[in-house]
Amino acid sequence: MNDSSASLPSAESGRTAWWTRLLLSEYFVLYLTLAYFVALLPFIPVMGTPGNLENVLSNVWPLLAVAVGQTFVLIVAGIDLSQTAVMSLTSVVSAAFMTTALQAVQFSSSPLWGWFLRESGGPLGGTGLGVVVGILAMLLAGALIGLINGLSITRLRMPPFMVTLVTVTFFAAFALWLTKSENIINLPGAYTAIGTEGFGALSYALLISGGLAVLAHLLLSRTVLGRWLYATGANAVTARVSGVPVDRVVVFAYVFSGVCAAVGSLLYSTRLQMGRPTLGADLLLDVIGATVIGGTSLFGGKGKVLWTFFGVLFFVLLSNSLNLLNLNSYAVSIVKGAVILLAAGLDVARTRLARRAGA
């Protein structure tokens with residue numbers, strides 16, 4: 001009897017330790033994704049078909065590019081709501097340079113019509129230089145919007161939420177004004193091939209987004225800049241006293257976020273084969289949700305690109321399953337919002353558990 005009584009606390013302690021290790025594992029979201037997939041497969045068999053899995057992966061790469069930038073901003077205890085506007089604006093900026101034909105009836109009221117846009121297309125339409133200049137303009141525009149965000153936060157001491165809320169409103173409206181809400185089509189094949197082709201089984205989207213993710217991972221894990229980013233997010237005052245150039249680190253995070261959003265815009269717009277002034281308008285929930293679900297803390301100082309990849313994988317699979325269930329857009333948004341709320345609560349619980357385990 002004594003032996004049995006002694007084994008109960010030990011078994012209970014073992015189960016608690018197992019759950020603690022699982023919750024604190026950096027692969028927790030990956031395990032959750034696999035469990036979610038296996039649990040739903042009997043009810044939605046089409047989820048496991050090769051065609052659907054290929055569709056899921058093709059949706060992972062553009063969202064991953066944008067979420068990597070959001071990861072950097074969250075690590076420095078900020079938030080970037082302007083990423084969707086960056087996608088909208090950069091999408092039409094690049095398309096405006098390289099389009100080969102436009103209809104006057106659609107674009108004659110655009111402020112660009114007559115001196116930049118004509119019926120023959122953009123200024124570099126039909127030339128080999130158009131694609132290169134268009135993509136460079138796209139990345140530059142993303143970096144400039146990120147710079148505006150970063151400088152407004154560090155120089156004017158404005159809250160990140162308010163700054164990026166203003167810039168998302170301004171630049172989303174600016175993209176609509178430039179094009180008068182019209183999509184810019186007739187883009188060259190060399191541009192649209194980025195979103196539809198690749199090297200064998202490796203799509204260009206995978207290579208671009210994967211390369212960006214690897215670069216971001218190396219920046220965070222192998223460089224002094226990475227340590228500065230974490231230190232700034234954990235405690236900006238302490239980091240500043242320790243010699244970290246906090247303001248420049250914050251500006252860098254927002255510039256990088258803008259560039260990542262532009263890369264996401266490149267992948268989405270090449271797949272759609274158009275410059276769309278509303279591109280990304282409904283993606284903010286997905287970007288922030290995927291990043292937070294991955295484990296990047298909303299309070300700063302914690303996050304990894306690998307976690308973000310797992311979060312994106314889970315969020316894309318969640319969206320895919322909800323679409324296959326033929327739920328309406330309201331129900332989909334409600335479920336996604338609830339999942340993000342649970343993820344934020346789980347982040348708090350995991351943080352407390354980690355502190356308790358380390359104590």
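A nonpolar core is a set of buried Ala, Val, Leu, Ile, Met, Phe, Trp, Tyr and Cys residues joined through side-chain atoms within 4.5 Å. Keep that definition at hand for the second stop. The structure on screen is a predicted model.

**Stop 1: the whole chain**

Display the protein chain as a cartoon. Its secondary structure comes to 15 helices and two strands. Now reduce the display to the C-alpha trace, which spans about 90 × 55 × 40 Å along its principal axes. The radius of gyration is 23 Å, which agrees with the value near 21 Å for a compact globule of 359 residues.

Next, show the surface. The protein chain exposes about 17200 Å², and carbon and sulfur atoms supply 68% of that area. Of the 359 residues, 46% are buried. Colour the charged residues: the mean positions of the 19 positive and 12 negative charges lie 11 Å apart.

Contacts can be sorted by distance along the sequence. Of those between residues at least 6 apart, 77% join residues at least 24 apart.

**Stop 2: the nonpolar core**

Hide the surface and select V68, L89, I184, Y191, L229, F256 and V312. The largest nonpolar core has 90 residues, and these seven touch the most other members. In soluble globular proteins, nonpolar side chains tend to be buried together.

Centre on I184. Which residues does I184 contact, leaving aside its neighbours within four places in sequence? They are V92, A95, A96, T99, L102, F107, T179, M274 and G275.

**Stop 3: N186 and the start of helix 8**

Move along the chain to N186, in the loop between helix 7 (160–179) and helix 8 (189–196). N186 is not a glycine, yet its phi is positive, at about 60°. With a relative accessible area of 35%, N186 is partly exposed, because that value falls between the 20% limit for buried and the 50% limit for exposed.

Continue into helix 8 and select Y191, T192, A193, I194 and G195, which are buried. Y191 is also one of the core residues selected at the second stop. What covers the buried residues of helix 8? The cover includes helix 4 (83–98), helix 6 (129–155), helix 9 (204–222) and helix 12.

**Stop 4: S91 and S269**

Two serines come next. S91 lies in helix 4 and is buried, at 1% relative accessibility. S269 is in helix 12, and S269 is buried too, with a relative accessible area of 1%.

Show the contacts of S91, not counting residues up to four places away in sequence: M138, S265, S269, M274, G275, R276 and L279. Under the same exclusion, S269 touches S91, M138, Y191, M274 and L279.

For a distance across the sequence, pick the C-alpha atoms of S269 and T90. They are 179 residues apart along the chain and separated by 9.5 Å.

**Stop 5: Q273**

Follow the chain from S269 to Q273, in the loop between helix 12 (246–272) and helix 13 (284–294). Like N186 at the third stop, Q273 is not a glycine; the phi of Q273 is positive, at about 60°. Is Q273 buried or partly exposed? At 41% relative accessibility, Q273 counts as partly exposed.

**Stop 6: I75**

Select I75 in helix 3 (residues 50–75). I75 is buried, with a relative accessible area of 0%. Leaving aside neighbours within four places in sequence, I75 is in contact with L220, L229, Y230, G233, T296, G300, G301, K302 and G303. L229 in that list is among the core residues of the second stop.

Now pick V292. I75 and V292 are 217 residues apart in sequence, and their C-alpha atoms are 11 Å apart in space.

**Stop 7: F28**

Finish at F28, in helix 2 (residues 28–40). F28 counts as buried, at 10% relative accessibility, because buried means under 20%. Beyond its neighbours within four places in sequence, F28 is in contact with L22, L23, L346 and R350.

As a last distance, select R248. F28 and R248 are 220 residues apart in sequence and 33 Å apart in space, C-alpha to C-alpha.

Conventions. Residues are numbered from 1 along each chain as its sequence is written. This is a predicted model: local features need pLDDT of at least 70, side-chain atom pairs count only at pLDDT 80 or more; totals for chains, interfaces and linings use all residues. Side-chain values use heavy atoms; hydrogens and water are left out. Helices (H or I, at least four residues) and strands (E, at least two) are DSSP runs, numbered from the N terminus. The radius of gyration is taken over C-alpha atoms; the globule rule is 2.2 Å times the number of residues to the power 0.38. Buried means under 20% relative accessible area, exposed over 50%, partly exposed in between (1.4 Å probe, protein chains only). Contact means heavy atoms within 4.5 Å. Accessible areas come from the Shrake-Rupley method with a 1.4 Å probe; for residues, only the protein chains shown count as cover. Lys and Arg count as positive and Asp and Glu as negative; His and the chain ends are not counted. The place of a charge is taken as NZ of Lys, CZ of Arg, CG of Asp or CD of Glu.
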